[in-house]
Amino acid sequence: MNRLQVNKKLNYLRKQIDNECISYSELAELQSLKKYIKPNDIKLLEWAGVKEK
């Protein structure tokens, strides 16, 4: 998956979170993409299970 595809997927997952309809498989996918989440994207980091520093 290239960076553009990752960004599109992260945006899609953010919309799913905002719409309160994210599935367990989407959460697992978000967790697998956590290394691509920007450090200031608190919402996605929180949902991906990344601990605060």
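1. Leaving aside neighbours within four places in sequence, Trp47 contacts Ile17, Ile22, Leu27 and Leu30. The model under discussion is a predicted one. Trp47 itself belongs to helix H3 and is partly exposed, at a relative accessible area of 37%. Between the C-alpha atoms of Trp47 and Arg14 the distance is 9.3 Å, although 33 residues separate the two in sequence. Of the residues that Trp47 touches, Ile17 and Leu30 recur in the contact between helices H1 and H2, which is taken up next.

2. Helices H1 and H2 pack with their axes 11 Å apart, at an angle of about 135°. The two helices are therefore oblique to each other, because an angle has to be over 145 degrees to count as roughly antiparallel. The crossing of H1 and H2 is left-handed. On the H1 side the contact is formed by Lys9, Leu10, Tyr12, Leu13, Gln16 and Ile17, and on the H2 side by Glu26, Glu29 and Leu30. By class, the residues of this contact comprise five nonpolar, one polar and three charged.

3. How many salt bridges does the structure hold? There are three, and they are described in turn below. In one of them, the side chains of Lys9 and Glu29 meet at 3.6 Å, N to O. This pair links distant parts of the chain, with Lys9 in helix H1 (residues 3-18) and Glu29 in helix H2 (residues 24-32), 20 residues apart. Both residues also appear in the H1 and H2 contact. Lys9 is partly exposed, with a relative accessible area of 24%, and Glu29 is likewise partly exposed, with 23%.

4. A further salt bridge joins Asp41 to Arg14, with the closest N and O atoms 2.1 Å apart. Here too distant parts of the chain are linked: Asp41 lies in the loop between H2 and helix H3 (42-47), Arg14 lies in helix H1, and the separation is 27 residues. Is Asp41 buried or exposed? Asp41 counts as buried, since its relative accessibility is 15% and the cut-off for buried is under 20%. Its partner Arg14 is partly exposed, with a relative accessible area of 23%.

5. Lys43 and Asp18 form another salt bridge, in which the closest N and O atoms are 2.3 Å apart. Lys43 is in helix H3 and Asp18 in helix H1, so the pair ties together parts of the chain that are 25 residues apart in sequence. Both partners are partly exposed: Lys43 has a relative accessible area of 36%, and Asp18 has one of 42%.

6. Gln16, a residue of helix H1, is one of the residues in the contact of H1 with H2. Gln16 is buried, with a relative accessible area of 14%. Apart from neighbours within four places in sequence, Gln16 is in contact with Cys21, Ile22 and Glu26. Among these, Ile22 is also touched by Trp47, while Glu26 belongs to the H2 side of the helix contact.

7. Cys21 is located in the loop between H1 and H2. At 41% relative accessibility, this cysteine counts as partly exposed. When residues up to four places away in sequence are not counted, Cys21 touches Gln16 and Glu26. Gln16 and Glu26 also contact each other.

8. Glu20 deserves a separate remark on its backbone. Its phi is near 55°, a positive value in a residue other than glycine. Most residues other than glycine have a negative phi. Glu20 lies in the loop between H1 and H2. This glutamate is exposed, with a relative accessible area of 74%.

9. Lys34 has its place in the loop between H2 and H3 and is partly exposed, with a relative accessible area of 43%. What does Lys34 touch, not counting residues up to four places away in sequence? Its contacts are Ala48 and Val50. The C-alpha atoms of Lys34 and Arg14 are separated by 13 Å, the two residues being 20 places apart along the chain.

Definitions and conventions:
Residues are numbered from 1 along each chain as its sequence is written. This is a predicted model: local features need pLDDT of at least 70, side-chain atom pairs count only at pLDDT 80 or more; totals for chains, interfaces and linings use all residues. Side-chain values use heavy atoms; hydrogens and water are left out. A salt bridge is a side-chain nitrogen of Lys or Arg within 4 Å of a carboxyl oxygen of Asp or Glu. Helices (H or I, at least four residues) and strands (E, at least two) are DSSP runs, numbered from the N terminus. Buried means under 20% relative accessible area, exposed over 50%, partly exposed in between (1.4 Å probe, protein chains only). Axes are lines fitted to C-alpha atoms, for helices over the stretch in contact, and angles run from 0 to 180 degrees between N-to-C directions. Angles under 35 degrees count as roughly parallel, over 145 as roughly antiparallel, 65 to 115 as roughly perpendicular and the rest as oblique. A crossing is left-handed if the near helix is turned anticlockwise from the far one by less than a right angle, and right-handed if clockwise. Contact means heavy atoms within 4.5 Å. Ala, Val, Leu, Ile, Met, Phe, Trp, Tyr, Cys and Pro count as nonpolar, Asp, Glu, Lys and Arg as charged, and the others, Gly among them, as polar.
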